[in-house]
Structures are given as structure tokens and as C-alpha cells.
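Open the model in your viewer and set it to cartoon. This tour gives a list of selections, with what to look for at each.

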Amino acid sequence: MRYGAKILFEDVSTAFLDDRRYGLTGPNGSGKSTFMKLLTGELEAQKGAVVRPRKFGVLKQDQSAFDAYRVIDTVIMGNRILWAALEERETIYAKADMTDADGMRLGELEGIVGDEDGYTAESDAAVLLDGLDVPIEFHERMMSELQGGHKVRVLLAQALFGHPGALFLDEPTNYLDLESIHWLEDFLNHYEGTLIVISHDRHFLNNVCTHIADIDYQTIITYPGGYDDMVMRKTSIRSKIESENAQREKKIAQLSEFIQRFSAGTRSSQVTSRKKEVERLQSSDLARSNIARPFIRFQMNRPSGRTAIDIKGVSKTYGDNQVIKNFGANVQRGEKIALVGRNGVGKTTLLKALLKNAPMADEPEASLDAGEVTWGHEATIGYFSQDHRGSIQNGMNALEWLYQFNPQASQEELRGLLGQMLFSGEEGLKPTDALSGGEAARLIMCKLMLQKPNVLVFDEPTNHLDLEAIMALNIALQKFEGTVLLVTHDEDLIEEVATRIWRFDHGEIEDFKDNYEEYLKIYPVAR
């Protein structure tokens with residue numbers, strides 16, 4: 001598959017075997033979702049063929065695509081043949097006057113419904129939902145009424161409906177909390193068909209996958225093991241190839257020198273044999289890796305005072321739901337705090353509340369019902385909001401948008417920051433309203449590096465970043481000497497960055513003053 005001059009993959013021959021779980025990896029833009037669409041038949045390959053099982057399940061990224069349907073109907077839609085027959089049958093029955101042709105077609109449709117177990121479809125779907133821990137009282141509700149964790153379970157039930165031989169999942173962990181991710185890991189580890197999953201969550205890939213199918217060098221190479229195993233093997237293989245090519249180039253140079261010296265002399269037979277050896281040794285061009293590694297480095301203009309934030313008696317209620325009850329904490333300079341808990345428990349609400357009167361913070365703040373937030377001496381705040389795309393003003397290009405946050409910065413400095421985050425050359429002039437989710441996230445990283453605050457507040461920063469960018473962010477936060485508040489579902493980020501945990505549970509926030517490893521000994525995340 002190629003788009004214009006850009007080759008995503010070429011002459012790929014590979015097989016995905018039963019009872020194996022494959023992670024499909026590669027940076028943003030490498031063609032993961034395109035390849036997934038080729039596997040499912042949503043796209044046709046420009047060359048070659050795909051053989052797939054008759055029945056397969058697909059979990060797509062768009063969790064709101066079925067909001068207008070009942071939960072039980074959403075599951076039944078997983079059998080596309082059955083659902084099409086049921087819809088057509090309903091349309092015919094709704095006619096005021098049916099023709100003979102309609103009657104004949106109804107007979108055909110009833111045959112399809114019978115063959116596809118349509119007469120027990122609702123009860124079969126209910127059993128599947130029950131097995132996935134979706135309560136029976138949700139089955140008749142509209143999908144729009146469900147929270148993210150339950151939506152993913154319903155969409156998984158849809159993908160599994162009809163006993164598919166293969167399961168295709170595109171970013172299943174997006175917007176899930178840690179408990180839901182752990183449940184999904186456990187579920188997939190017991191799935192008996194062929195699994196192919198796209199994910200930018202390294203921890204998830206390591207816990208679930210038996211193999212990694214990596215899109216790079218215009219092909220797809222399958223490695224045994226999880227993501228970290230793949231990285232080690234890939235690095236080793238690439239180094240070996242480059243070393244072999246370097247040795248070939250050295251040998252070619254020696255032979256070429258001999259040919260040049262003696263081509264006009266009496267040693268023509270030796271020259272001819274060496275020319276043939278040069279042709280044999282000639283290095284085949286290595287396809288260029290499509291991995292682009294951003295460079296993130298957070299610096300401070302100046303450190304804050306010893307106390308970065310002092311929080312006293314903070315409370316917040318929405319209607320009858322008190323999401324924060326009388327929370328207080330003292331945050332010292334250099335602490336890195338992860339906020340953990342189920343979706344909807346108030347993590348984002350607390351972050352926004354803390355931004356009340358925050359120096360340099362330019363995002364909307366949440367009002368407090370009670371309590372006081374005091375920022376430390378010379379504290380300056382950089383904020384990455386969950387709705388980060390909405391915080392970028394349209395009607396300008398990336399360079400212009402970045403410039404407004406430090407008009408004293410030179411064009412060279414701004415271009416350098418953009419280059420670090422993979423906006424090279426003309427990409428720095430890309431209109432802000434044309435930015436993808438990943439590009440918008442990288443542009444906000446540029447802004448934070450430009451502003452150089454001493455407190456960083458991140459609300460789900462990894463949702464639109466690829467694995468390379470997430471690893472760069474992880475390293476940058478570990479090295480950052482300032483204070484960090486972090487909401488994320490990326491468990492590696494929590495494990496490797498956080499020095500302190502705020503645990504949210506039904507309005508109560510427990511301040512656990514140790515790292516995530518110690519936290520899990522007391523509060524193992526539900527699986």
C-alpha cells in the first residue's frame with residue numbers, strides 16, 4: 001500500500017496464527033490502521049491478497065459510533081450478515097402493502113436469520129454481556145448513556161458476537177482507567193482465537209502479546225515476545241545488518257582501488273574477477289526506518305520555593321455527587337504525583353481546581369465549593385489538558401501559535417523546538433486547524449519547553465502519542481527537576497515517574513507518599 005510517493009509497506013507476506021496474540025506496532029503515520037483495514041477488508045490492497053476467516057470481530061477506535069443504538073442491538077451488530085437481514089426484514093414488515101416479491105424476500109431473510117442463530121441473538125448477546133460484567137439493567141439502555149469502561153466492554157461483546165475466529169482491536173485502552181485496562185488484559189490473555197491489536201501502551205503490549213508485528217522499513221517483521229523483547233531484537237538485527245554493510249563497503253573500497261590501479265595493465269583477468277566480486281558484494285540499499293524519535297527536555301527558568309502547592313480543605317460537588325471531600329496536601333518542590341482512580345471520580349476536576357489563581361496557567365479553571373489553593377513562591381505552571389486539541393487556537397500556523405507564548409524567542413529557537421518535536425521544514429507552518437491529535441499533543445510539548453515552567457500539570461498526555469513520543473515524555477519527566485502532577489492510564493509512566501500517589505475513591509482522596517511499586521503492595525489494581 002502506498003499513497004503517492006510514500007510507501008507504507010511493499011511485497012509483505014506474513015501470517016497470523018491461531019492462539020497467538022499479536023501487537024501491531026509502528027510510529028504514527030506508519031500505516032498501522034491502514035494495515036488493520038486491509039486485514040478486515042475495509043480497504044483493498046493495491047497489490048496482493050488477504051485471506052481471512054469468514055467470521056471475525058473488529059473493535060474500532062470510535063467509541064461513540066453506536067451512541068444512537070441500544071446496548072443489546074450494538075452487540076448483535078457484530079454479526080454483520082445477521083444484522084443486515086434483521087434490518088431488511090423490519091423494513092419489509094413496516095410496509096403497508098407487501099408485494100409477492102416482498103414475501104419471497106422475507107422467506108430468504110428468515111433463512112439467513114435462522115442460519116445465523118438470529119432467533120436466539122438477544123439471549124446470546126445478553127449472556128456475552130453478562131460474561132463481560134455489563135449489568136443486565138444496562139442492556140436496554142442507549143450506548144450514549146454508558147461510561148467509557150462499559151462502552152469498551154459492550155464493543156468487545158460486539159466484536160466477539162458470533163464466535164469469530166480472529167479479533168482485531170484498534171487502540172482498545174484509549175480513555176480506559178487502570179482497572180478497566182487490567183480487566184481487558186486478563187480477558188485477552190484468555191481469548192482462544194487469533195488476536196491482532198494496535199496499541200501505544202507499552203505495558204499493555206508486554207502483558208498481552210505473544211508476538212509483535214512491527215511496521216518499519218516498508219515491510220512487516222514479526223518478533224516473538226512482547227514490545228520490549230521486540231525492541232531488543234530489532235536493535236540487534238539492525239546493528240548486525242549495518243555492521244555487515246560497513247564491512248562490505250570496506251571490502252568494495254579495497255577491490256575498487258585494485259581495479260583502478262591495474263585496469264589498464266596486464267592483470268586484466270584479476271581485474272575482471274574483482275569487478276564481479278564488487279557486484280556480488282554491492283550493498284543493497286537499506287530501506288529507511290520510519291521511526292522518528294522526538295526529543296523532549298523540560299527545563300525551568302527558575303525553581304519554585306520549597307513548597308510548590310499548599311492545598312487546604314478543597315471540596316467540589318456536582319449535583320448530588322461530591323467528587324472531592326475536604327482534601328488537603330502539601331506538595332514539595334520536585335515531587336512527582338500521579339492521580340489514580342476510576343474514570344469520572346474527579347481527577348480532572350481536582351487538576352482544574354488547583355489551577356485556580358495559578359501563575360502562567362492559561363486554561364479554564366474549575367470553581368471550588370470550599371477550600372484554598374496556594375501556589376508557592378515563584379511557582380510557574382505549564383498545563384497539558386485532556387482536551388488538548390481544543391486549547392490550540394485555529395486560524396494560524398504552528399509557528400505563529402508557538403510564538404505568542406514567548407515573543408522574545410528567536411525564529412531559530414522556535415524552529416529548533418518544532419524540529420525536536422518532528423515539525424521539520426514546512427511542517428512548522430502547518431495550519432493549526434489541520435493538526436492531528438498527535439501533532440497537537442507534540443505542539444503543546446513545544447509550548448511547555450518554550451515556557452520553561454517549574455510545575456508541570458498533565459491530564460492524559462499519552463492518548464494521541466505514539467510509543468516513541470511516550471517513551472521520550474517518560475524520560476523527560478524522570479529528568480525534570482521541577483514538580484509534576486500527572487493523570488494517565490499509562491502504567492509504565494506511573495511506575496517510572498511518580499514518587500507519590502493520590503488515590504481517588506468515591507470523593508475521598510488518599511495521599512500515599514511513596515512510589516507506585518509500594519502503592520500496589522497495599523492497593524493491587526483490580527484485575
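The stops below cover a sheet and then a pocket, in a model that is predicted.

**The sheet**

Start with strands 13, 14, 15, 11, 16 and 17. These six strands form an open sheet, and 13-14-15-11-16-17 is their order across it. The pairing in this sheet is mixed.

Next, select 381–384 and 508–512. These are strand 13 and strand 17, the edge strands, and each of them pairs on one side only. Look then at how the strands lie against one another: on average, neighbours in this sheet are turned by 15°, with direction ignored.

Now narrow the selection to residues 455–459 and 483–487. The former make up strand 14 and the latter strand 15; the two run parallel and are joined by five bridges. Which residue of strand 15 does Leu-456 stand opposite? Show side chains here and you will find Val-484 across from Leu-456.

**The largest pocket**

Leave the sheet and select Pro-27, Asn-28, Gly-29, Ser-30 and Asp-466. Of the 42 residues that line the largest pocket, these lie nearest its centre. The space in this pocket comes to about 1,300 Å³.

Add strand 2 (6–7), helix 1 (32–40) and helix 14 (437–451), the elements that give two or more residues to the lining. Which of the elements gives the most to it? Helix 14 does, with four residues.

Finally, colour the lining by residue type. Polar residues number 20, nonpolar residues 12 and charged residues 10.

Note on methods. Residues numbered from 1 in each chain as written. Predicted model: local features only at pLDDT ≥ 70, side-chain atom pairs only at ≥ 80, totals over all residues. Heavy atoms only, no water. Pairing = 2+ DSSP bridges. Axes fitted to C-alpha atoms, helices over the stretch in contact; angles between N-to-C directions. 1 Å grid on protein atoms, 1.4 Å probe; cavity = no way out; pocket = protein on both sides within 12 Å on 5 of 7 lines; lining within 4 Å. Points joined across faces, edges and corners; volume = space filled by probe spheres on them. Nonpolar A, V, L, I, M, F, W, Y, C, P; charged D, E, K, R; others polar.
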